[in-house]
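Please look over the structure shown below before reading on. The report that follows moves from single residues to sheets and back to the chain as a whole.

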Amino acid sequence: MFTLSAASRHHLQNQNQFLSLISVHEDRIRTGRGFESSTQVLAAASPLSHSAFRTAVAFASCDVSSQTKRQQSALTARDEAGAWINPRRERSERRTLRCSAEGTADRGKSGAAENDHGEVRMRVEGTRGEIDGAAQIGEDERGEGEGNGGGETEDFERNAGGEERSEAIGGSAEGLGGRKRKRKMKVLVCAGDVMGDDHAARLVAALLGREKGEKGERGEEWKGGEQEEKEEEEEWEVYAVAGPRSEAAGATLLGSNHGMSSIGLFEALRFVPRSLLLLAAAKRFVRHHKPHAVVLVDYPGFNIPLANYVLKNHAATTRVVYYIPPNEWLFSASSSPRIASVAACHVVIATYPDEAEFFSSVGATVRLFGHPLVDTVTHAPSREQARTQLAIPATAKVVALLPASRPQETSFILPTVLSAAVLLNQQMHDTEDGPPLFLLPLADESLRAPVQEQLRAFGMHTCCRVLEPHQSLQAMAAADAAVTKSGSVTLQLALLKVPQVVLYRLSPATALLARLLVRFRHPFYSLVNLVLLQPLVPEFIQEEATPEAIAGATKQLLVSESARSLQLVGYEKLPTLLGTADVSLRVAQCIKEQARQGNT
């Protein structure tokens with residue numbers, strides 16, 4: 001609701017004049033780019049020095065809803081960054097946005113201007129329902145206004161306490177003389193494989209305030225009084241080069257790298273062209289939009305070159321945070337250029353103590369909040385609940401098979417795992433418990449076809465249940481033992497207290513190259529052993545990963561209580577090393593603190 005003093009109301013009596021003034025700014029309504037401040041409004045109005053013109057400009061600045069502006073901003077950002085988006089979806093979004101803006105302008109033109117008891121009331125419909133914009137506008141023309149009778153003065157309306165009344169137009173903070181506008185904070189998150197996308201998704205949800213912690217909606221440690229005040233003055237936008245999980249969490253994707261993860265030089269060659277295009281898009285986004293922070297989640301082949309670019313060209317305005325640094329420190333020299341690039345970031349957020357100690361030793365600013373996998377298992381079902389959900393008898397022996405999260409692993413690891421499962425099935429056939437039930441949860445839907453093809457080839461399709469990606473935690477929680485590839489999943493199994501056998505295989509060419517060039521700091525490969533710095537879980541790498549060795553070690557975990565207890569006791573040390581729940585919330589708070597130092 002706009003309220004004008006008596007000296008200005010006569011300028012609005014001619015409705016045709018009012019509508020013609022609004023049409024001057026129709027292009028601003030159509031594109032969604034309204035005025036950013038009262039100063040700009042007054043500057044635009046000054047040629048006519050007319051109250052009606054000022055009111056029309058104010059109307060134009062608030063006419064497009066905040067939702068439409070956010071959509072327009074997201075589309076513009078994706079354009080300038082060279083976004084990898086579906087063309088059909090892009091056309092649909094732009095058509096919806098254009099129709100929404102045009103419809104708003106048309107409704108504004110036909111809206112009634114009422115002059116009743118000294119109030120002019122305008123109703124503006126936004127793109128998502130009706131927006132009732134209300135503002136008290138007072139004008140101080142000091143007797144010099146051209147349409148004001150030559151000497152009348154209009155004062156701000158004052159409330160009972162004598163303070164100036166000025167509410168935000170259209171429910172936003174862009175009203176004339178309104179309360180302070182929220183500061184827009186932009187963060188770019190870049191992640192790679194399936195697990196990296198999962199970590200990034202939790203971080204995105206935490207940055208946008210959608211992640212619920214263990215100690216309340218956002219966790220007691222997540223926010224304090226001062227933090228709340230800061231966030232009330234901020235509007236956070238998260239953009240990402242990641243996968244579908246980050247997008248579902250609320251990030252605007254500049255490009256999707258879904259299905260591009262690989263290990264090994266030769267295996268990665270086919271992804272190089274697409275990766276370079278995504279890297280160029282990320283660089284353009286940083287250059288044009290100057291995000292307050294860039295968050296890099298593992299994925300060194302993409303993230304280290306991006307870190308080098310931002311640190312070289314935009315370090316003064318954009319903070320670079322490396323969250324979950326790559327495991328290259330385990331086999332690279334401290335002086336290697338890639339390690340130096342990670343250490344040069346404004347902050348390195350490590351996930352366990354030994355990792356934090358290494359990056360501190362090479363000069364990095366390190367923060368340690370715990371491992372994000374702690375959050376993933378917080379709400380996992382118990383063994384009994386998982387078996388009920390999956391309709392598995394309580395007394396059955398269950399083995400979880402976790403062989404692949406990347407396409408190449410279905411070729412080099414899955415056949416070995418299935419061969420071991422066939423042998424284990426035969427060895428357990430004459431035992432009291434009988435052959436086990438095998439569960440194979442898919443890490444990604446794209447792996448379904450090759451997995452089912454391999455199951456049929458090994459004759460395992462009748463005794464191995466393939467589960468959906470969202471059932472992974474249920475499969476692990478229900479298992480008595482697991483056969484798993486090396487990776488983050490080993491920590492998940494340990495946190496769920498499931499005994500495990502770990503293996504990994506590369507292509508022969510990549511394995512030969514690794515032997516010639518790579519020297520590991522520790523004699524361990526699995527994350528469980530690396531975190532504990534002891535060989536707790538059995539590991540079988542490359543030629544050692546034979547079906548006989550894997551089947552024998554798995555059988556021991558099923559029939560030997562001492563073998564099971566050895567691992568379960570060792571798992572008890574992990575919580576003190578990996579931290580407590582709400583890791584993603586604490587990391588998000590750190591990133592927000594860094595972002596506030598950027599783009600100042």
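Is glutamate 234 buried or exposed? With a relative accessible area of 8%, glutamate 234 is buried, a word that here means under 20% relative accessible area, while exposed means over 50% and partly exposed lies in between (1.4 Å probe, protein chains only). This is a predicted model, in which local features need pLDDT of at least 70 and side-chain atom pairs count only at pLDDT 80 or more, whereas totals for chains, interfaces and linings use all residues. Residues are numbered from 1 along each chain as its sequence is written, and side-chain values use heavy atoms, with hydrogens and water left out.

**The chain as a whole**

The protein chain holds 28 helices and 15 strands, where helices (H or I, at least four residues) and strands (E, at least two) are DSSP runs numbered from the N terminus. Of the 600 residues in the protein chain, 52% are buried. The accessible surface of the protein chain amounts to about 26,700 Å², and 50% of this surface belongs to carbon and sulfur atoms; such areas come from the Shrake-Rupley method with a 1.4 Å probe, and for residues only the protein chains shown count as cover.

**Two open sheets**

One open sheet is built from 7 strands in the order β5-β4-β3-β6-β7-β8-β9, with parallel pairing; two strands pair if DSSP finds at least two bridges between them. Its edge strands are β5 (252–256) and β9 (366–368), each of which pairs on one side only. Within this sheet, β3 (residues 183–190) and β4 (residues 234–242) pair in the parallel sense over 8 bridges, and arginine 183 stands opposite glutamate 234 in β4. Helix α15 (residues 353–361) lies across β8 (347–350) and β9 and runs at about 170° to β9; axes are lines fitted to C-alpha atoms, for helices over the stretch in contact (heavy atoms within 4.5 Å), and angles run from 0 to 180 degrees between N-to-C directions.

Another open sheet has 6 strands in the order β12-β11-β10-β13-β14-β15, and its pairing is also parallel. Strands β12 (464–467) and β15 (539–541) stand at its edges with a single partner strand each, so one side of each is left without a neighbour in the sheet. Strand β10 (residues 398–402) has 5 of its 5 residues buried, so β10 is largely enclosed by the rest of the structure. Both faces of β10 are covered, with Val398, Ala400 and Leu402 buried on one side and Val399 and Leu401 buried on the other. With β11 (residues 437–441), β10 pairs in the parallel sense over 3 bridges, and valine 399 stands opposite phenylalanine 438 there. With β13 (residues 481–485), β10 pairs in the parallel sense over 4 bridges, and alanine 400 stands opposite alanine 482. Helix α25 (residues 547–559) lies across β10, β13, β14 (500–504) and β15, running at about 165° to β14.

**Salt bridges**

Side chains of opposite charge can pair when their charged atoms come close. A search of the whole structure finds 13 salt bridges, a salt bridge being a side-chain nitrogen of Lys or Arg within 4 Å of a carboxyl oxygen of Asp or Glu. The table includes three of these pairs, with the N to O distance of each.

| Pair | N to O distance |
|---|---|
| Glutamate 234 and arginine 596 | 2.6 Å |
| Arginine 383 and aspartate 480 | 2.9 Å |
| Glutamate 445 and arginine 448 | 2.5 Å |

Glutamate 234 lies in strand β4 and arginine 596 in the segment after α28 (583–595), so this pair ties together parts that are 362 residues apart in sequence. Arginine 596 counts as buried at 13% relative accessibility. In the pair with aspartate 480, arginine 383 is partly exposed at a relative accessible area of 30%, whereas aspartate 480 is buried at 7%.

**Two buried residues**

Aspartate 375, in helix α16 (residues 373–376), is buried with a relative accessible area of 6%. The C-alpha atoms of aspartate 375 and serine 584 are separated by 7.4 Å, although the two residues are 209 residues apart along the chain. Serine 526 sits in the loop between α23 (508–517) and α24 (527–532) and is buried with a relative accessible area of 0%. Leaving aside neighbours within four places in sequence, serine 526 is in contact with residues including Ser486, Thr490 and Val502.
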